[in-house]
Amino acid sequence: MLLISTMTIIIFIITIVVMMLATLLSKKTLLDREKCSPFECGFDPMNSSRLPFSLRFFLIAIIFLIFDVEIALLLPMIMIIKSSNLMNWSITSLFFIFILLIGLYHEWNQGALEWNN
């Protein structure tokens with residue numbers, strides 16, 4: 001029992017020493033304005049925040065979120081293929097993918113995916 005608690009304390013001390021050494025060795029000595037300031041979508045954070053902002057960034061972000069959520073809904077369909085009726089699973093999966101493709105075509109047709117407009 002004493003050996004286990006002694007080993008635990010030794011491992012804890014070694015862990016703390018290694019973390020402190022890593023912290024000391026990883027410090028950067030050169031601190032300049034660009035490296036200390038946050039990067040905000042390519043805009044200079046030191047300027048006025050009232051500058052006009054392109055809504056394309058928001059549109060692309062929303063399209064990404066929509067299709068990202070759809071992928072999260074598609075992944076469980078793969079897991080339930082063995083426990084469900086194959087015909088029902090196929091119809092549901094194809095319908096879901098068809099809706100996604102219609103949405104992608106609509107976004108493409110509206111020009112939302114073209115950045116150079």
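## Overview

A helix here is a DSSP run of H or I that is at least four residues long, and helices are numbered from the N terminus. This structure is a predicted model.

The protein chain has four helices and zero strands. Along the sequence, the pattern reads α-α-α-α. The chain holds 117 residues, and buried residues make up 8% of them. About 10800 Å² of the protein chain is exposed. Carbon and sulfur atoms supply 74% of that area. Now take the contacts in the chain with a separation of 6 or more: residues 24 or more positions apart account for 49% of them.

## Spans from the record

An unreviewed UniProt entry places the feature "transmembrane region" at residues 6-25, 57-81 and 87-105. In the model, residues 6-25 are 100% helix and 0% strand. The end C-alpha atoms of residues 6-25 lie 29 Å apart.

Residues 57-81 are 92% helix and 0% strand. Their end C-alpha atoms are 37 Å apart.

## Helix 3

Helix 3 covers residues 56-79. Does its length fit the number of residues, or what span should its 24 residues have at 1.5 Å a residue? The expected span is 34 Å, and the end C-alpha atoms are 36 Å apart, which agrees.

The buried residues of helix 3 are Ile63, Glu70, Leu74 and Met77. What do they pack against? Their partner is helix 4, residues 86-110.

## Two residues of helix 3

Glu70 sits in helix 3. Its relative accessibility is 19%, so Glu70 counts as buried; the cut-off for buried is under 20%. Leaving out residues up to four places away in sequence, Glu70 touches Phe96 and Leu100.

Met77 is also part of helix 3. Is Met77 buried or exposed? Its relative accessibility is 13%, so Met77 counts as buried. Not counting neighbours within four places in sequence, Met77 is in contact with Trp89, Thr92, Ser93 and Phe96. Take Thr92 as one of these partners. Met77 and Thr92 are 15 residues apart along the chain, and their C-alpha atoms are separated by 9.1 Å.

## Helix 4

Helix 4 has 25 residues, which should span 36 Å at 1.5 Å a residue. Its end C-alpha atoms are 36 Å apart, which agrees.

Which residues of helix 4 are buried? They are Trp89, Ser93 and Leu100. These buried residues pack against helix 3. Some have already appeared as partners: Leu100 touches Glu70, while Trp89 and Ser93 are in contact with Met77. What follows helix 4? Gly111 does, and its phi is positive, near 85°.

## The aromatic pair

A pair of aromatic rings is described by the distance of the centres and the angle of the planes. How many aromatic pairs does the count give? The count comes to one aromatic pair. The rings of Tyr105 and Trp108 have centres 6.4 Å apart and planes at 80°, so this pair is edge-to-face. The cut-offs explain the label: ring centres must lie within 6.5 Å to pair, and planes over 60 degrees apart count as edge-to-face.

Tyr105 and Trp108 both lie in helix 4. They are three residues apart, about one turn of the helix. An α-helix has 3.6 residues a turn, so residues three or four places apart point the same way. Are Tyr105 and Trp108 buried or exposed? Both are exposed.

Conventions. Residues numbered from 1 in each chain as written. Predicted model: local features only at pLDDT ≥ 70, side-chain atom pairs only at ≥ 80, totals over all residues. Heavy atoms only, no water. UniProt positions renumbered as here; feature names shortened; annotations may be inferred. Helix = DSSP H or I, 4+ residues; strand = E, 2+ residues; numbered from the N terminus. Buried < 20%, exposed > 50% of the residue type's maximum accessible area, 1.4 Å probe, protein only. Contact = heavy atoms within 4.5 Å. Expected span 1.5 Å × (residues − 1). Areas by Shrake-Rupley, 256 points an atom, 1.4 Å probe, with all protein chains shown as cover. Phe/Tyr/Trp six-rings, centres within 6.5 Å; stacked < 30°, edge-to-face > 60°.
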